[in-house]
Number of protein chains: 2
Amino acid sequence: MYEEILPQLINTNNTKLVLLVLDGLGGTTNADGVTELEVARTPNMDALISSGSAGLHRPVGYGITPGSGPGHLGLFGYNPIKYQIGRGILEAFGVDMEVNPGDLAMRGNFCTMENGIITDRRAGRISTDKCKELVEKLKNKIQQIEDIKIDIKAGREYRFAVVLRGDALSAMISDADPQTIGKRPIKAMPLSPIAEKTARIVNKFIEMATEILAEEYPANTVLLRGYSKLADIKTSTEKYGMRAVCIAVYPMYRGLAKIVGMDTPQLPGETTEDEFETVKKVWNDYDFFFVHIKKTDSYGEDGNFDGKVRKIEEVDEKLPMLLDLKPDVIAITGDHCTPSVHKSHSWHPVPLLLKGKYTFADDAKTFSERECAKGIIGHIPAEAIILLMMADAGKLKKFGA
Amino acid sequence: MYEEILPQLINTNNTKLVLLVLDGLGGTTNADGVTELEVARTPNMDALISSGSAGLHRPVGYGITPGSGPGHLGLFGYNPIKYQIGRGILEAFGVDMEVNPGDLAMRGNFCTMENGIITDRRAGRISTDKCKELVEKLKNKIQQIEDIKIDIKAGREYRFAVVLRGDALSAMISDADPQTIGKRPIKAMPLSPIAEKTARIVNKFIEMATEILAEEYPANTVLLRGYSKLADIKTSTEKYGMRAVCIAVYPMYRGLAKIVGMDTPQLPGETTEDEFETVKKVWNDYDFFFVHIKKTDSYGEDGNFDGKVRKIEEVDEKLPMLLDLKPDVIAITGDHCTPSVHKSHSWHPVPLLLKGKYTFADDAKTFSERECAKGIIGHIPAEAIILLMMADAGKLKKFGA
């Protein structure tokens with residue numbers, strides 16, 4: 001956003017910005033006509049919004065339901081349509097694998113082959129333990145192909161991720177996955193001459209894996225797809241002049257934050273308190289603090305209205321731990337909505353509260369979708385949030401004389 | 001905005017549009033939770049907004065604090081990121097110099113050189129009177145270099161503006177300004193072969209000025225920077241089919257209006273009444289009247305809450321002078337916010353009222369940021385204002401059958 005003029009406007013100073021993201025925060029009304037955020041008692045957030053500004057944001061666009069990747073890139077100030085994060089990268093992040101520039105990440109399935117025909121693309125949904133055992137076998141026997149290092153890690157049930165590391169890798173190859181059962185396995189084909197080596201290595205991997213798994217029916221071969229490399233993206237420091245840190249428990253969000261150059265310190269545990277304690281611990285080292293709470297989304301996905309309410313209330317209760325650090329600007333929002341009546345991510349506008357030295361104390365008095373719709377911020381694209389935070393903190397100079 | 005379709009939609013008719021701009025109007029809440037516009041008694045504006053529509057506009061973009069140039073270009077219906085007005089042009093406008101297409105404008109500082117080293121970039125902040133005296137000396141002795149006419153005018157303290165007039169001038173030269181003290185003066189360098197002549201003339205100017213100022217310590221040489229030419233921009237008449245006039249006291253705004261082809265008649269004095277009288281005088285000659293009130297911004301910059309309140313009230317009191325002319329559409333807004341709690345331009349959305357024959361009478365009953373946030377216009381980019389005014393006045397035809 002405003003990429004032609006932004007570099008000349010960046011002003012580095014000592015202000016501290018906190019972006020607290022409750023994953024899947026916000027939603028739509030249930031049969032009683034209320035949302036989780038409306039029902040939750042949130043005295044601390046209500047006090048913030050009463051003295052600050054309210055609004056709603058759209059993570060990607062009108063009617064577009066964001067995955068975790070686009071949802072977070074928008075909040076980090078990157079256009080999620082311009083910067084698309086590949087499925088292989090997200091799979092690797094989800095199992096906490098490193099992906100570095102130049103690496104090629106992909107998703108794998110264990111699957112069942114009978115008489116040369118794929119008969120089950122999920123190998124009868126083998127257990128996660130079985131998956132780990134099989135991945136160990138593959139790891140032991142496939143460490144390198146030609147000059148390319150091979151890294152494999154088990155996911156849940158039949159899923160695993162593969163990262164190829166080395167020179168001249170390309171994502172321009174076709175999926176080695178017939179997508180339906182009843183067909184023969186297909187090879188990865190190079191879609192460009194520069195991808196011939198990568199296709200050869202991927203096919204060799206499948207050939208070796210099929211030999212190693214020969215006696216492991218129903219998980220006796222593998223499918224690979226979703227090849228992707230890291231997007232060529234400026235870091236937060238390059239783009240916004242801010243040293244940024246990600247405080248998150250789940251590997252997926254830590255991985256997304258790493259893409260834009262955020263540090264991802266280890267946490268002492270997995271509670272909200274552990275996360276907020278870590279913010280305090282690294283407070284002097286950064287300008288921008290992205291703090292991620294996962295469970296609001298999980299309860300929404302489970303259709304657990306009350307669980308989501310309780311999680312919001314728990315975060316509100318612990319909020320003074322962050323406020324005591326005296327951030328110059330704090331924003332609280334979600335990366336998308338996950339209404340428990342919908343049991344999945346949704347396209348609804350996401351509630352946003354913003355509080356800094358110069359925020360307008362508008363008429364919103366409690367933190368809810370309905371009150372946010374009255375706010376002076378209005379409806380904004382997610383990318384704008386970081387700019388509003390920076391403006392309030394004096395991190396953006398005047399444009400033009 | 002909508003440049004692909006706008007030319008076919010323009011409809012010329014006899015309607016009259018008034019855009020009244022209170023510079024720096026709007027802001028953020030102070031310690032008492034109110035703004036200048038909320039405190040000001042504005043019965044005339046309140047009556048207008050009660051029967052008209054309210055909204056908020058963003059002059060450049062989210063979180064972006066506009067200078068006067070971008071702030072006004074947006075109001076005139078030009079994208080302020082696409083059309084950037086150079087610093088030299090604004091400096092020249094600020095001291096009421098003419099800048100015509102092809103001219104090259106730049107900013108100058110008198111400065112101090114000791115033993116070939118710049119020791120003060122502001123020449124000890126010499127007085128404005130001294131500046132005028134030195135500029136007279138330069139003007140007398142440097143009227144032309146090669147075939148290029150040289151025009152110089154004093155600004156405040158150590159500042160002056162230079163406009164070169166003639167053929168083949170280019171802004172593609174480097175600043176003749178080391179930017180810090182303790183360094184030797186540097187020459188302007190051509191950044192393109194087409195700029196060689198311009199660099200030679202600028203360097204000759206500095207050489208001649210340094211000779212003329214030899215005995216004028218501490219103002220014994222000059223720095224030049226901010227070279228700029230007029231943007232290639234369509235006039236209001238070309239773009240909107242309207243004969244447009246600017247009623248403004250300050251040279252900066254008159255200069256900005258000239259860029260888009262507005263006429264700038266002389267005023268009988270500097271009061272709001274003088275300005276409104278001039279609108280009446282030229283009422284039959286134009287379609288679009290840009291009326292600029294400066295002092296609201298000045299009081300905001302000074303942190304003078306009450307002064308800004310009083311100025312808003314004074315404009316409101318005189319407003320019937322404009323309303324008696326029966327404009328078909330009137331819009332009242334600012335070019336940006338200047339909250340007195342912030343003491344400078346800000347990024348906050350700017351209140352807007354619009355009243356014409358077909359404007360929706362929404363729920364906003366008083367002219368304030370808070371009420372405007374409820375308005376039916378919503379949040380719009382500044383560029384959209386002129387289109388909404390034209391639409392209401394029948395100056396935009398139907399798009400498509």
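The following legends describe close-up views of a predicted model.

**Figure 1. Overall build of chain A in the predicted model.** Chain A contains 15 helices and 13 strands. The radius of gyration of chain A is 23 Å, close to the 21 Å that the globule rule gives for 401 residues, so chain A is as compact as a globular protein of that length. The C-alpha trace of chain A spans about 70 × 50 × 40 Å along its principal axes. Of the 401 residues in chain A, 50% are buried. When contacts in chain A between residues at least 6 apart in sequence are considered, 71% of them join residues at least 24 apart.

**Figure 2. The two assigned domains of chain A and the contact between them.** Domain 1 of chain A comprises residues 7–85 + 232–392, and domain 2 of chain A comprises residues 89–228. Taken over C-alpha atoms, the centres of domain 1 of chain A and domain 2 of chain A are separated by 35 Å. Each domain is represented in the contact, with 6 residues from domain 1 of chain A and 6 residues from domain 2 of chain A. On the side of domain 1 of chain A that touches domain 2 of chain A, helix 9 (residues 251–259) of chain A supplies the largest share, 4 residues. By class, that side of domain 1 of chain A has 4 nonpolar, 2 polar and no charged residues.

**Figure 3. The surroundings of A:I212 in helix 7 of chain A.** A:I212 belongs to helix 7 of chain A, which covers residues 196–212. A:I212 counts as partly exposed because it has 18 C-beta neighbours inside 10 Å, whereas a buried residue would need 20 or more. Leaving aside neighbours within four places in sequence, the contacts of A:I212 are A:K137, A:L138 and A:K141. A:L230 is 18 residues from A:I212 in sequence, and the two are 30 Å apart in space, C-alpha to C-alpha.

**Figure 4. The largest nonpolar core and the setting of A:F289.** The largest nonpolar core has 233 residues. Those with the most contacts inside this core are A:F289, A:F290, B:F289, B:F290 and B:M389. Helix 15 (residues 383–392) of chain A gives the most to the core, with 8 residues. With neighbours within four places in sequence left aside, A:F289 is in contact with A:L17, A:V18 and A:L19, and also with A:V245, A:I247 and A:V279.

**Figure 5. The contact between chain A and chain B.** Chain A gives 22 residues to this contact and chain B gives 33 residues. Strand 13 (378–381) and helix 15 of chain A are the elements that give two or more residues to the side of chain A that touches chain B. Helix 15 of chain A gives the most to that side, with 5 residues. The side of chain A that touches chain B divides by class into 15 nonpolar, 3 polar and 4 charged residues.

**Figure 6. Superposition of chain A on chain B.** A turn of 123 degrees and a shift of 0.1 Å along the axis lay chain A on chain B with an RMSD of 0.1 Å. This is the relation of a three-fold axis. The copies use different surfaces, in that 5% of the contact residues of chain A recur in chain B.

Conventions: Residues are numbered from 1 along each chain as its sequence is written. Chains are lettered from A and ligands numbered from 1 in the order in which they are written. This is a predicted model: local features need pLDDT of at least 70, side-chain atom pairs count only at pLDDT 80 or more; totals for chains, interfaces and linings use all residues. A nonpolar core is a set of buried Ala, Val, Leu, Ile, Met, Phe, Trp, Tyr and Cys residues joined through C-beta atoms within 7 Å. A residue is buried if 20 or more other C-beta atoms lie within 10 Å of its own, exposed if 12 or fewer, and partly exposed in between; C-beta atoms are placed from the backbone. Two residues are in contact if their C-beta atoms, placed from the backbone, lie within 7 Å. Ala, Val, Leu, Ile, Met, Phe, Trp, Tyr, Cys and Pro count as nonpolar, Asp, Glu, Lys and Arg as charged, and the others, Gly among them, as polar. Copies are superposed by least squares on the C-alpha atoms of residues with pLDDT of at least 70 in both. The radius of gyration is taken over C-alpha atoms; the globule rule is 2.2 Å times the number of residues to the power 0.38. Domain bounds come from an automatic or database domain assignment.
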